[in-house]
Amino acid sequence: MEILIEDPITTCLSPSVYDMICKLGFEARENCHISSIVTQNGEVCWTTITDCVVYTESAQGLDYGGSVRLLGPVCQAVHLHLSSLTKGQFETRYSPGLQWTGVPELFPEMFDALGSLQSLAISLSLMKLTSCLERALADVYLLIGKECPFLLRDLIASEELAQVFGQSVMDVLKVFVGSPCGLNLRNVLWHGFAAPQEIPPKYCSMMILLTAGLGQLLKGYLQQTKFTLAHRPFITLTSLEDLIVFPDVTYEVLSVLEEVMKKSTFILKIMLPYWEVALINFKSNRFADCAILLLVQLETGLRKVFATVNKCPKRLLTAESTALYTTFDEILAKHLNDGKINQLPLFLGEPAMEFLWDFLNHQEGPRLRDRLSHGEISLPEFPKEAANQLLAFSFVLLLRFIDEDLLSVFKQEKAAVRALVSVAEAYGARCHPVSQLKKQVLSCERSIGVWPLLPLPEGSEREAQRSEGNSEINACRSLITEIVAELCHHVPETHRVPHDSEHLPPENVTTAAGDRDRVGGCGRCAGHGGPATIGPRDSRSALQVAPAAP
């Protein structure tokens, strides 16, 4: 059990970022009539919006602060306009312009969130909007480009999108979501820096209108070029069964979790509403919404622990545009930027770190945060199993930051709590390349076990003669010997071919090493001067055994 000192934190936004988001857009008081921004039919008047973007004196960059000031009244007018519409009116005017996103069904939900006046629902809507916008912009990019940028800011800055929508329009997007110098709404929300009440609702309204306006511009471009926009299919999370270690979260556990959330120092008090709504969404079978909120707040809480154990309290705040944000990448890294050892992995322990790496980072894992934040997963089809694992892990993590006496009570009185804690303490990596290789070795053992004898390929003797004295073969010999010797321990006695493991027949070595791409542990065969490592994608082909002969 670990207890963090509970600081009276009122915001995770640095002063300049707080001013940019919460103040600058409210300084200009002049009224902006909605008729100059959008027509009765819902057509966006882009000139009114782009005229608000201010450039530096050198005309080589944007004046983000000045642009936000001028755009403030425009955003307010748009927000009042959308608030005055019925849901039917909204869909009639704007649904046609939102079809290009591939997920137009999300926007009526966002409209409802705006009408609810619930700040957290609006923040969640903005997170989902920026993820689907990024996905759709990438699809547009691929109309004329080949390798799509991974980051939204690079996508918005691309010449390809400027060619489709116009540079002035892309500059508007830069102000809202495309630069850490601007509002930077996407990153501030997805990395867990913004408390619910810190995101003005008018920016969510403006982003909805901008998205519809982009759809209108795209329609004209497609008509002119005769291109057809194709949406890439969503990614389906597969092999989740290997990651399901926690039992289902029961209502008994949920009731305990509701109490633990209020007492755990892992949670910043200003962020508690995110956790509460995450539980509501889980109970309502809205598993994607639950997962989004949990992932965002896991990053917030772990950033707090990171800042505490590494004695760098200022890293809890958002960075300025000239410095790095403290995000999952750095929080989970072995070393800090200055080369010192990151104390967080030592503090959390190996089981917790392995879980986080499996679910968030390893290429062979589901990489839930990346795929949700970049719009790669269909939200309605997000699996309950994944949300359940995240929720169970989060629960156990919160328990580590409550009073010891209370923790003892929960463990003594609640068998379900004890079960979850036991599973968490015994967790081992499942998506690490070494773990993937172990699975392949076991698969090899099962395949070899049903062979009557291990046949040699035709011409192996001639190949063996040519290989004599080959330094690459010799370099691989010890590795192959160890693997075969280990496999032989698992082969039934009746299936074994007697051999001396210290003197493996050269034809076996030749057969195994002939295809160098299948050997992942030999430095020379891998083309390196030193010991080779098996990367996330290399491990798939590190060992391959043909199926048993019929």
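The legends below describe four views of a predicted model.

**Figure 1. Overall view of the chain, with 25 helices and zero strands.** The chain has 550 residues, and 51% of them are buried. Its accessible surface comes to about 26,000 Å². Carbon and sulfur atoms account for 53% of that surface. Among contacts between residues at least 6 apart in sequence, 74% join residues at least 24 apart.

**Figure 2. The largest nonpolar core and the surroundings of Leu 137.** This core has 163 residues. The residues with the most contacts inside the core are Ile 49, Leu 137, Phe 165, Phe 176, Leu 218, Phe 266 and Phe 382. Helix H14, which covers residues 287-309, supplies the largest share of the core, with 14 residues. Leaving aside residues up to four places away in sequence, Leu 137 touches Trp 100, Leu 152, Leu 155, Ile 156, Leu 161, Phe 165 and Leu 173. Phe 165 thus appears both in the list of residues with the most contacts inside the core and among the residues that Leu 137 touches.

**Figure 3. Ser 67 in helix H3 and its contacts.** Helix H3 spans residues 64-84 and contains Ser 67. The relative accessible area of Ser 67 is 0%, so this residue is buried. Not counting residues up to four places away in sequence, Ser 67 touches Cys 52, Val 53, Val 54 and Val 175. Val 53 is 14 residues from Ser 67 in sequence, and the two C-alpha atoms are 4.7 Å apart. At Val 54, the backbone nitrogen lies 2.8 Å from a polar atom of the Ser 67 side chain.

**Figure 4. Cysteines 45, 52 and 75 in a structure with zero disulfides.** A search of the whole structure finds zero disulfides. For Cys 75, the closest cysteine sulfur belongs to Cys 52. The two sulfur atoms are 8.6 Å apart, which is too far for a bond, because a disulfide requires cysteine sulfur atoms within 2.5 Å. Are Cys 75 and Cys 45 buried or partly exposed? Cys 75 is buried, with a relative accessible area of 0%. Cys 45 is partly exposed, with a relative accessible area of 25%. Cys 52 also belongs to the previous view, as one of the residues that Ser 67 touches.

Technical notes:
Residues are numbered from 1 along each chain as its sequence is written. This is a predicted model: local features need pLDDT of at least 70, side-chain atom pairs count only at pLDDT 80 or more; totals for chains, interfaces and linings use all residues. Side-chain values use heavy atoms; hydrogens and water are left out. Buried means under 20% relative accessible area, exposed over 50%, partly exposed in between (1.4 Å probe, protein chains only). Helices (H or I, at least four residues) and strands (E, at least two) are DSSP runs, numbered from the N terminus. Contact means heavy atoms within 4.5 Å. Accessible areas come from the Shrake-Rupley method with a 1.4 Å probe; for residues, only the protein chains shown count as cover. A nonpolar core is a set of buried Ala, Val, Leu, Ile, Met, Phe, Trp, Tyr and Cys residues joined through side-chain atoms within 4.5 Å. A polar contact is a pair of N or O atoms within 3.5 Å; within protein, one must be able to donate a hydrogen and the other to accept it, and residues adjacent in sequence count only if both atoms are side-chain atoms.
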